Amino acid sequence: MSLNENLEKILARFDELGDLMVDPQFAASGEFAKMSKEYSDLTPVVESVRELQEAQAEAADLAVMMADPETDAEMREMAEAEFLELKDKIPELEKNIQIRLLPKDEADEKNAILEVRAGTGGEEAALFAADLFRMYQRYAEARRWKFEVMSLNETGIGGCKEAVASISGRGVFARLKYESGVHRVQRVPATESGGRIHTSAATVAVMPEAEDVDIQIDEKDLRIDVFRASGPGGQSVNTTDSAVRITHIPSGVVVSQQDEKSQHKNKAKGMRVLRARLYEHQRQKLADERAANRKSQVGSGDRSERIRTYNFPQGRVTDHRINLTLHKLDRVMDGDLDELVDALTSEDQASQLAEIS
C-alpha cells in the first residue's frame with residue numbers, strides 16, 4: 001500500500017471515529033473509552049496529513065501558474081520561489097508522518113524503574129554511580145517528573161554501590177529507555193594524590209514499571225526471606241527483621257529491599273522492582289527476536305554494552321552507539337540530557353524507517 005493510500009485510510013477512520021463519538025448511543029457504550037483513545041492518538045497524525053495535503057495542493061496550484069503563458073514575469077518569479085520552498089518542505093512533511101506511523105512501543109508512556117550500580121573501579125566507580133544517579137534525578141526534576149528513591153546502598157564517603165528509583169510522569173520510559181548499558185568515566189579521582197586519570201564504570205538499567213496486567217506473578221513462584229537491615233560498614237539500621245529478599249524461583253531473579261522500617265513496605269517496593277525486571281526480560285526477549293530481522297538498531301537494554309564515556313579532563317561526553325560527542329559535560333552531569341536523548345531517538349526512528357522503505 002502506498003503512503004497516500006495509507007493516509008486516506010487514516011483520514012477515513014478519523015472521520016468515522018469523530019461521527020461515532022458524538023452519537024449518544026455510542027457514548028454510553030463500553031467502547032467509548034477505547035475509541036476516544038484511538039481518536040486522540042490519530043489526531044496529531046491527521047493534523048500532519050492535512051498539512052501535507054495543503055502543501056501538495058499549493059504546489060500544484062503554483063505549477064499551473066508557472067506553466068500559464070499569461071502569468072506576468074514578476075508573478076512567475078514569486079511562484080517559482082514559493083514552489084521551490086514547498087518542494088523542500090513536502091519530503092520533510094512526509095517523513096514526519098512516516099515517523100508518526102512507526103509502530104509504537106507500548107511501554108513508552110509507562111513510568112520507569114531506574115537502577116544504577118557501581119562497576120569496575122572500586123570507590124571511584126561508586127562515586128561515579130552516585131553522580132549518574134544525581135544526573136537522572138536532576139533530569140527528572142527538569143521535566144517535572146516524580147523521582148522516588150526506592151533503595152540506596154551508600155559507601156559512606158559520597159558514593160553508592162547500588163541505587164534504585166521510581167520515576168513517574170509523562171513519557172518517562174520513552175525518554176530514558178536508551179540509557180541502559182555500561183557508562184564509563186575517565187577522570188582524576190578525589191582520592192588520587194598523583195593526579196593520574198582513572199577509568200571506571202557504572203551500569204545503568206532502565207525498565208518500564210509494570211502493572212499487574214502486564215506481568216502475572218504467582219505467589220507459589222516466590223521465596224521471601226526476611227533479615228535485619230544494615231548500613232555502611234555493617235552498622236545496624238534496624239533492630240527488627242524488616243529487610244526483605246524476594247526470589248522469583250522460575251527466573252532466578254532476586255530483589256532485596258531494606259530502606260523502609262516496615263517489612264510490609266519493603267516487600268511492596270521489592271515487588272515493584274521484581275515486576276519491572278520480569279517485564280523487561282519479557283520485552284527484551286521479543287526485542288531480540290525482532291532485532292534478528294533488522295539490519296541495524298540503536299542499542300538499548302543490553303546492560304553489558306558500553307554505551308557512553310564521560311571524559312572529565314576534556315569536558316566531553318561521547319555516545320558510542322551514534323558517534324555523538326558533546327563538549328558540555330558539566331551541563332550533562334547537571335541533568336541536561338535532552339540533546340543526547342533526542343539524537344538517540346532520531347537515530348532509532350531513522351533505522352526503523354530504513355527497514356520499511
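This briefing covers the cores, aromatic pairs, one long-range contact site and one helix of the structure above. The model is predicted. Its largest nonpolar core has 57 residues, and a second, separate core has 20 residues. Tyr310 appears under two of the topics below, as a core residue and as a member of an aromatic pair.

**Nonpolar cores**

- Within the largest nonpolar core, the residues with the most contacts are Leu114, Leu132, Tyr136, Leu274 and Tyr310.
- Helix α5 supplies the largest share of this core, nine residues.
- Beyond its neighbours within four places in sequence, Tyr310 touches a list of residues that includes Phe128, Leu132, Met135, Val317, Leu329 and Met333.
- The same list for Tyr310 also includes His183, Arg184, Gln186 and Arg316.
- Leu7, Phe26, Val49 and Leu93 are among the residues of the second core.
- In soluble globular proteins, nonpolar side chains tend to be buried together.

**Aromatic pairs and a charge over a ring**

- The count of aromatic pairs is four.
- One of them joins Phe128 and Tyr310 edge-to-face, with 5.5 Å from centre to centre and 65 degrees between the planes.
- Phe128 belongs to helix α5 (residues 122–142) and Tyr310 to strand β9 (residues 306–311), so this pair ties together parts that are 182 residues apart in sequence.
- Both Phe128 and Tyr310 are buried.
- Tyr139 and Trp145 also form an edge-to-face pair, because their ring centres are 5.6 Å apart and their planes stand at 90 degrees.
- Tyr139 counts as buried at 1% relative accessibility, and Trp145 counts as buried at 8%.
- Arg187 lies over the face of Phe312, 4.9 Å from the ring centre.

**Ile217 and its contacts**

- Ile217 sits in the loop between β5 (198–208) and β6 (222–227).
- Setting aside neighbours within four places in sequence, Ile217 is in contact with Leu222, His248, Met271, Leu274, Arg275 and Leu278.
- From C-alpha to C-alpha, Ile217 and Met271 are 9.5 Å apart in space, while 54 residues separate them in sequence.
- Leu274, a contact of Ile217, is also one of the residues with the most contacts inside the largest core.

**Helix α3**

- Helix α3 (residues 32–67) has 36 residues, which should span 52 Å at 1.5 Å a residue; its end C-alpha atoms are 50 Å apart, so the two values agree.
- At Thr43, α3 bends by about 35 degrees, and the proline Pro44 follows within four residues.
- Buried residues of α3 include Met35, Leu42, Val45, Val49, Leu52, Ala55, Ala59 and Leu62.
- Val49, buried in α3, is included in the second core.
- An α-helix has 3.6 residues a turn, so residues three or four places apart point the same way.

Key. Residues numbered from 1 in each chain as written. Predicted model: local features only at pLDDT ≥ 70, side-chain atom pairs only at ≥ 80, totals over all residues. Heavy atoms only, no water. Helix = DSSP H or I, 4+ residues; strand = E, 2+ residues; numbered from the N terminus. Contact = heavy atoms within 4.5 Å. Phe/Tyr/Trp six-rings, centres within 6.5 Å; stacked < 30°, edge-to-face > 60°. Buried < 20%, exposed > 50% of the residue type's maximum accessible area, 1.4 Å probe, protein only. Lys NZ or Arg CZ within 6 Å of the ring centre and 35° of its normal. Core = buried A, V, L, I, M, F, W, Y, C linked by side-chain atoms within 4.5 Å. Expected span 1.5 Å × (residues − 1). Bend = angle between axes of the 7 residues up to and from the residue.
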